[in-house]
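Student: I have a model open in the viewer and would like to understand how its strands are arranged. Could we go through it step by step?

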Amino acid sequence: MNSVNINMATSLNTAKPVVAAPLQSTQASVSVAVKALADVAIGEKCLVRQLVAPQGMPEWLTQLEDIGFIVGEPVTLMARGAFGGDPLVIRIGLSTFALRKAEAACVLVDVLESKVAA
């Protein structure tokens with residue numbers, strides 16, 4: 001939603017649509033990768049991109065949505081369990097949850113990289 005597409009719907013308008021330039025800020029987030037939440041590194045800042053249910057477990061999508069895994073919500077992996085990395089400690093919005101790796105694998109995220117705009 002950083003750009004606006006303007007197109008006058010008249011028979012006299014033959015100009016191409018105008019696209020507004022993205023807004024500049026002191027810090028911009030740029031997506032550098034799409035990963036499953038189970039595969040991100042500890043401390044990486046992410047945004048929820050999509051939920052994908054494992055075969056035979058469609059109710060997991062509803063359960064994840066109910067605890068806050070909504071598209072566009074900020075999420076960070078805070079810690080992994082000692083043996084085998086299970087469970088994962090996840091911060092979603094202002095809440096913190098423990099998820100099994102199988103549940104976290106259902107959450108696709110955009111991994112963000114913070115940069116200072118020039």
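Student: Along strand S6 (residues 88-92), which side chains point to one face and are buried?

Tutor: This is a predicted model, in which local features need pLDDT of at least 70 and side-chain atom pairs count only at pLDDT 80 or more, while totals for chains, interfaces and linings use all residues. Residues are numbered from 1 along each chain as its sequence is written, and side-chain values use heavy atoms, with hydrogens and water left out. Strands here are DSSP runs of E with at least two residues, helices are runs of H or I with at least four, and both are numbered from the N terminus; buried means under 20% relative accessible area, exposed over 50% and partly exposed in between, with a 1.4 Å probe and protein chains only. The side chains of S6 alternate, with Val89 and Arg91 pointing to the other face and not buried, and the buried ones are Leu88, Ile90 and Ile92.

Student: Which residue in S6 stands opposite threonine 76?

Tutor: Two strands pair if DSSP finds at least two bridges between them. Strand S5 (residues 74-80) runs antiparallel to S6, and 5 bridges join them. Within S6, the residue opposite threonine 76 is arginine 91.

Student: Which residue in the turn between S6 and S7 has a positive phi?

Tutor: S6 also pairs with strand S7 (residues 95-99) in the antiparallel sense, over 5 bridges, and leucine 88 stands opposite leucine 99 in S7. The two strands form a hairpin with 2 residues between them, and the residue in the turn with a positive phi, of about 60 degrees, is glycine 93.

Student: Is aspartate 110 buried or exposed?

Tutor: Aspartate 110 is found in strand S8 (residues 107-116). Its side chain is joined to that of arginine 49 by a polar contact of 2.8 Å, a polar contact being a pair of N or O atoms within 3.5 Å where, within protein, one must be able to donate a hydrogen and the other to accept it, and where residues adjacent in sequence count only if both atoms are side-chain atoms. Because its relative accessible area is 14%, aspartate 110 is classed as buried.

Student: What pattern does the chain follow when read along the sequence?

Tutor: The chain has 2 helices and 8 strands, and buried residues make up 22% of its 118 residues. Read along the sequence, the pattern is β-β-β-β-α-β-β-β-α-β.
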